[in-house]
Amino acid sequence: MPHRVRLAVRNNAEWCDAVSRAHGATPRFGAGFWLNPGDAPPYYPNLVTLTAEDVGPQHEEIAELVARRPRALGIKDSFATLDLASLGLSKAFEAEWLWLAAGEPAPPSASLAAGLAIGWAATPSELADWERAWAGVPVERPVFPPSLLADPRLAFLTVAEGGVPIGGAAFNRYATVLGISNVFMRPEADPASLLAEMIAAARERHPNLPLVGYEHGESLQRFLDAGFASVGTLRVWVRGS
């Protein structure tokens, strides 16, 4: 199993673990998988596969999860090796794992124009502001509770213009990589420039860590144009409520 994919997958599983625990869940890491047996936070899976080899324990755990959960669930098939249609799940989307080495040239990041500012959420109110900008709508129940701010591995970045957020992302550090996720940009913003600023801000904090994540659709091409390399494919399987 390629080393880069393994690190990206584990980084993402650690992020899912942190968000799930912030919602009161009791997830665990098993033999080749990460599992949240209870209700998952919105947009988050119940199970993430961690290996493409020896998938027997994965199949057993997924089958048990499907059988004991009458409600909605999601499975992140991190190596696109599983066919879960026979268990009543449908494929939500495919995506590509991404890698930007610490020593690789990043896209040019011009100095921030007047009125633009980079900020990192440090208080519950700042995190709530970040989540409202990410969601684009009023938030009744946060996906990202304030308790996440106590985890030193996590950080929430905002790019603002005239005090109004126009883009941002979440970052999580695991071992030797830094994950980037939940990237958002306002329609009127220049996506290439915003992503360049986010990469520059992340590298300022963690200059020696590769950036990892996954994307699909238009956002995938944006990351590839920014210098990220595709290092593997994943699938997300879901069952509705």
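This report describes the largest pocket, the aromatic contacts and the salt bridges of a predicted model.

## The largest pocket

Rolling a probe the size of a water molecule over the atoms shows where empty space is left. In this model the largest pocket holds about 920 Å³ of space. Its lining is made up of 40 residues. Those that lie nearest the centre of the pocket are Y43, K76, F93, N182 and Y214.

Several elements give two or more residues to this lining. The helices are α1 (3–22) and α5 (218–225). The strands are β4 (73–77), β5 (90–100), β9 (177–185), β10 (211–215) and β11 (229–239). Strand β9 supplies the largest share, with 7 residues. By residue class, the lining of the largest pocket divides into 24 nonpolar, 11 polar and 5 charged residues.

## Aromatic pairs

A pair of aromatic rings is described by the distance of the centres and the angle of the planes. The count for this model comes to 12 aromatic pairs. One of them joins W97 and Y214, whose ring centres are 5.4 Å apart. The planes of the W97 and Y214 rings stand at 75°, and because an angle over 60 degrees counts as edge-to-face, the pair belongs to that class. W97 lies in strand β5 and Y214 in strand β10, so this contact links distant parts of the chain, 117 residues apart. W97 is buried, with a relative accessible area of 0%. Y214, at 22%, is partly exposed, because buried requires a value under 20%.

A further pair is formed by W134 and F144. Their ring centres lie 5.1 Å apart and their planes are at 75°, so this pair is also edge-to-face. W134 belongs to helix α3 (residues 124–135), and F144 is in the loop between α3 and β7 (154–161). The pair therefore ties together parts that are 10 residues apart in sequence. Both W134 and F144 are buried.

W134 and F144 are also members of one aromatic cluster, together with W15, Y43, W130, F156 and F184. Y43 appears in the pocket description as well, among the residues nearest the centre of the largest pocket.

Y44 has its place in the loop between β2 (33–35) and β3 (47–49). With a relative accessibility of 11%, Y44 counts as buried. The C-alpha atoms of Y44 and W97 are separated by 17 Å, and the two residues are 53 residues apart along the chain.

## Charges over rings

Two arginines lie over aromatic faces. R10 lies over the face of F29, at 4.0 Å from the ring centre. R205 is placed over the face of W120, at 4.1 Å from the ring centre.

## Salt bridges

Side chains of opposite charge can pair when their charged atoms come close. A search of the whole structure finds 13 salt bridges. Three of them are listed below with their N to O distances.

| Acidic residue | Basic residue | N to O distance |
|---|---|---|
| D17 | R21 | 2.9 Å |
| E61 | R28 | 3.4 Å |
| D129 | R132 | 2.2 Å |

D17 and R21 both lie in helix α1, where they are 4 residues apart, about one turn of the helix. D17 is buried at 8% relative accessibility, whereas R21 is partly exposed at 44%.

The salt bridge of E61 and R28 links distant parts of the chain. E61 is in helix α2 (residues 56–68) and R28 in strand β1 (residues 28–30), with their positions 33 residues apart in sequence. E61 counts as buried at 10% relative accessibility, while R28 has a relative accessible area of 39% and is partly exposed.

D129 and R132 are 3 residues apart in helix α3, so about one helical turn separates them. Both fall in the partly exposed class: D129 has 39% relative accessibility, and R132 has a relative accessible area of 41%. Helix α3 also holds W134, the partner of F144 described above.

Finally, R10, E14, D151 and R153 are linked in a network of salt bridges. R10 thus takes part in this network and also lies over the face of F29.

Definitions and conventions: Residues are numbered from 1 along each chain as its sequence is written. This is a predicted model: local features need pLDDT of at least 70, side-chain atom pairs count only at pLDDT 80 or more; totals for chains, interfaces and linings use all residues. Side-chain values use heavy atoms; hydrogens and water are left out. On a 1 Å grid over the protein atoms alone, a cavity is a set of points where a 1.4 Å probe fits but cannot get out, and a pocket is an open set with protein on both sides within 12 Å along at least five of seven lines; lining residues have an atom within 4 Å of a point. Grid points are joined across faces, edges and corners, and a volume is the space filled by probe spheres set on the points. Ala, Val, Leu, Ile, Met, Phe, Trp, Tyr, Cys and Pro count as nonpolar, Asp, Glu, Lys and Arg as charged, and the others, Gly among them, as polar. Rings of Phe, Tyr and Trp (its six-membered ring) pair if their centres lie within 6.5 Å; planes under 30 degrees apart count as stacked, over 60 as edge-to-face and the rest as tilted. Buried means under 20% relative accessible area, exposed over 50%, partly exposed in between (1.4 Å probe, protein chains only). A charge sits over a ring if NZ of Lys or CZ of Arg is within 6 Å of the ring centre and within 35 degrees of the ring normal. A salt bridge is a side-chain nitrogen of Lys or Arg within 4 Å of a carboxyl oxygen of Asp or Glu.
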